[in-house]
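Student: Could we go through this structure together and check what each term rests on?
Tutor: Happy to; let's have a look.

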Amino acid sequence: MKILVINGPNINMLGIREKKIYGELSYDKLVETLKKKASELNFEIECFQNNIEGEIINIIQKAYGKFDGIIINPAAYTHYSIAILDAIKSVSIPTVEVHLSNIHSREEFRHRSVTAAGCVGQISGFGAYGYIMALDYFSNIRSEDG
Ligand code: DQA
């Protein structure tokens, strides 16, 4: 199973930005943790981070026919990018939306996710563990597929 992890704007600043909200873990450490978990599950994994909406859309489009699952944290684009929503819907790859923080307990403008409508579901508020949960989800559907 091939999984693509996409992180949006400012996720490269993990460990530096608003530590009380996003924690101490750096982006590089997050990627390391995900690669370790993926290898335990026998998954192939690729991780991307980009600060630009169009680049995120390009990454999603290029995944078409190549990946079995996408884990995406669209970061601030979550709340207004219809273009990312359309890209997710275009490729028909099961996608899980992840947020480090609980977007529903924060400012009102973060409560709404435009992109979640194209996803299987959303995991929000569990820090880096949310991405691990998403990998477990894919492991679970792989087992169901036999
Ligand atoms: C975030 C939540 C967003 O509201 C915010 O803009 C981010 C990160 C999260 O992972 O908690 O950059 O997606």
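**The ligand and its surroundings**

Tutor: The shell around the ligand divides into five nonpolar, four polar and three charged residues. Ala, Val, Leu, Ile, Met, Phe, Trp, Tyr, Cys and Pro count as nonpolar, Asp, Glu, Lys and Arg as charged, and the others, Gly among them, as polar. This is a predicted model, where local features need pLDDT of at least 70 and side-chain atom pairs pLDDT 80 or more, while totals for chains, interfaces and linings use all residues. Residues are numbered from 1 along each chain as its sequence is written, and side-chain values use heavy atoms, leaving out hydrogens and water.

Student: What makes the ligand's approach to His-79 a polar contact?
Tutor: A polar contact is a pair of N or O atoms within 3.5 Å. An oxygen atom of the ligand is 2.7 Å from an N or O atom in the side chain of His-79, so the pair qualifies. For His-99 the distance is 2.8 Å, and for Arg-17 it is 3.1 Å.

Student: Why is Tyr-77 called buried?
Tutor: Buried means under 20% relative accessible area, exposed over 50%, and partly exposed in between (1.4 Å probe, protein chains only). Tyr-77 has 12% relative accessibility, so it counts as buried.

Student: And why is Tyr-80 called exposed?
Tutor: Because its relative accessible area is 52%, Tyr-80 is over the 50% limit.

Notes
A polar contact is a pair of N or O atoms within 3.5 Å; within protein, one must be able to donate a hydrogen and the other to accept it, and residues adjacent in sequence count only if both atoms are side-chain atoms.
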